[in-house]
Amino acid sequence: MLAVEQYQRDGYYVARGLFSSEEMAFYRAHFMALREGQEHPGDFAGVPVQRIIGDSLKTGDHLYEDKPDPLKQYPRMIHMHRWDDTSLRWMIDQRINELLTALLGVEPFAVQTMLYFKPPGARGQALHQDQYYLKVKPGTCMAAWLALDDCDEANGCIQVVPGSQNWDVLCTVAADTTQSFTDVTVPLPEGVEPVPVIMQAGDLLFFNGSLVHGSFPNTTTDHFRRALIGHYIVGDAQQVAHFYHPVLRMDGSVVELEVSEGGGSCGVWVARDGQPVIELAGVSGAKAEDHE
Ligand SMILES: O=C(O)CCC(=O)C(=O)O
């Protein structure tokens with residue numbers, strides 16, 4: 001089956017072995033060196049853990065009873081392409097551009113890079129939709145998620161909800177911060193379950209801004225689950241949230257787009273003829289800095 005057909009049917013597509021093992025070794029060493037002992041703008045180690053103990057809600061690092069939160073040592077990096085040339089060149093790599101253009105039907109603009117280290121013991125990320133944060137208008141965004149390590153449920157691979165690529169953006173509810181380093185999630189109707197996406201280092205996963213996705217905690221004691229992520233928007237979009245400016249063409253030049261202001265609309269699940277459907281209900285107050 002063609003990549004485009006798979007992507008349209010499932011809402012995601014994995015380009016297997018798109019990057020070589022030599023490239024993966026290079027990126028792992030490069031980003032570990034950037035992380036070691038340095039701070040960068042936008043580093044994010046996650047929201048504090050909250051746990052119900054007895055009859056009250058407790059918050060704080062002391063809830064990691066026996067060890068510090070591993071994300072404190074390996075916070076997620078963001079927007080590295082603004083200060084790291086390797087990240088910029090990866091974001092606009094020709095292989096990624098060709099696949100994005102085929103899947104979207106138009107050459108994209110590039111707006112964001114992120115590096116998740118997810119060391120052993122780190123929390124995962126609750127289910128969410130990227131368009132909740134990017135607020136692309138018209139159209140949507142697209143993630144390109146490169147596995148720098150082999151990943152499965154044990155070390156915290158991505159999980160996705162096939163079919164959700166066609167859903168409206170859902171209003172969020174509180175997430176379980178003992179499992180997720182972000183604090184909001186989206187509700188799923190009964191019977192709808194996410195599926196894990198098992199990947200090998202060098203595989204690149206694509207999914208659009210509506211696809212519900214998240215990741216498992218890393219329950220191993222000795223395996224990192226590093227991922228290099230690019231976020232893109234359709235090349236005929238006119239607006240994207242402020243956090244993603246400057247917007248770049250795939251040759252690295254800046255393109256002027258408008259800022260999509262304020263909250264986007266979001267929906268809730270209601271039953272219609274016995275089937276769950278999304279009804280637009282509210283306005284999301286999401287800022288990209290909240291997650292993403
Ligand atoms: O890599 C992860 O653990 C989660 C990434 C993610 O959900 C995202 O980039 O939106």
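Here are some worked exercises on the predicted model shown above.

## Exercise 1: An open sheet

Work out the strand order of the four-stranded open sheet, and find its edges.

**Solution.** Start with the order: the 4 strands run β6-β13-β8-β11, and their pairing is antiparallel. Next, look for strands that pair on one side only; these are β6 (125-128) and β11 (195-197), the edge strands. Neighbouring strands of this sheet are turned by 25 degrees against each other on average, direction ignored.

Then step inside the sheet. Strand β8 (residues 158-160) is joined to strand β13 (residues 213-215) by 3 bridges, and the two run antiparallel. To place one pair in the register, take I158: its bridge partner in β13 is S215. Keep S215 in mind for the next exercise.

## Exercise 2: Around the ligand

Describe which residues come nearest to the ligand, and how much of the ligand the protein buries.

**Solution.** Begin with the residues. There are 14 around the ligand, and H128, W145, H213, S215 and R225 come nearest.

Now go through the polar distances one by one:

- S215 has a polar side-chain atom 2.6 Å from an oxygen atom of the ligand.
- In the side chain of W145, an N or O atom is 2.9 Å from a ligand oxygen.
- For H213, an N or O atom of the side chain is 3.0 Å from an oxygen atom of the ligand.

Turn to the surface: the ligand taken alone exposes 290 Å², and the protein buries 100% of that. The elements giving two or more residues to the shell are β5 (109-116), β6, β13 and β14 (227-233). Finally, sort the shell by class: 5 nonpolar, 6 polar and 3 charged residues.

## Exercise 3: Strands covered on both faces

Show how the two faces of β7 and of β1 are covered, and name strands that pair with them.

**Solution.** A general point helps here: in a regular strand the side chains alternate between the two faces of the sheet. Take β7 (141-147). One side carries C141, A143, W145 and A147, the other M142, A144 and L146, and all of these are buried. The count agrees: 7 of the 7 residues of β7 are buried.

Next, the partners of β7. It is joined to β14 by 7 bridges, with the strands antiparallel, and L146 has L228 as its bridge partner there. It is also joined to β12 by 5 bridges, again antiparallel, and A144 has F206 as its bridge partner in that strand.

Now compare strand β1 (residues 12-15). Y12 and V14 lie on one side and Y13 and A15 on the other, all of them buried. β1 pairs with β12 (residues 204-208) in the antiparallel sense over 4 bridges, and A15 stands opposite L204.

## Exercise 4: Unusual backbone geometry

Find where the backbone has cis peptide bonds at P138 and P246 and a positive phi at H79 and D273, and place each residue in its loop.

**Solution.** Recall the background first: most residues other than glycine have a negative phi, and most peptide bonds are trans.

For the cis bonds, K137 and P138 are joined with omega about -15 degrees; P138 sits in the loop between α5 (131-134) and β7. H245 and P246 are joined with omega about 5 degrees; P246 is in the loop between β15 (239-240) and β16 (247-248).

For phi, H79 has a positive value of about 50 degrees although it is not a glycine. H79 belongs to the loop between β4 (77-78) and α3 (85-91). D273 also has a positive phi of about 50 degrees, and its loop lies between β19 (265-272) and β20 (275-283).

Is each of these two buried or exposed? H79 has a relative accessible area of 6%, under the 20% cut-off, so it is buried. D273 has 79%, over the 50% cut-off, so it is exposed.

## Exercise 5: Two loop residues

Classify D152 and N218 by accessibility.

**Solution.** D152 is in the loop between β7 and β8. Its relative accessibility is 33%, so it counts as partly exposed. The C-alpha atoms of D152 and Q200 are 8.8 Å apart, although 48 residues separate them along the chain.

N218 is in the loop between β13 and β14. With a relative accessible area of 2%, N218 is buried, and its side chain reaches the backbone oxygen of H223 at 2.6 Å.

Note on methods
Residues numbered from 1 in each chain as written. Predicted model: local features only at pLDDT ≥ 70, side-chain atom pairs only at ≥ 80, totals over all residues. Heavy atoms only, no water. Pairing = 2+ DSSP bridges. Axes fitted to C-alpha atoms, helices over the stretch in contact; angles between N-to-C directions. Near = heavy atom within 4 Å. Polar contact = N/O pair within 3.5 Å; in protein donor to acceptor, adjacent residues only side chain to side chain. Areas by Shrake-Rupley, 256 points an atom, 1.4 Å probe, with all protein chains shown as cover. Nonpolar A, V, L, I, M, F, W, Y, C, P; charged D, E, K, R; others polar. Buried < 20%, exposed > 50% of the residue type's maximum accessible area, 1.4 Å probe, protein only.
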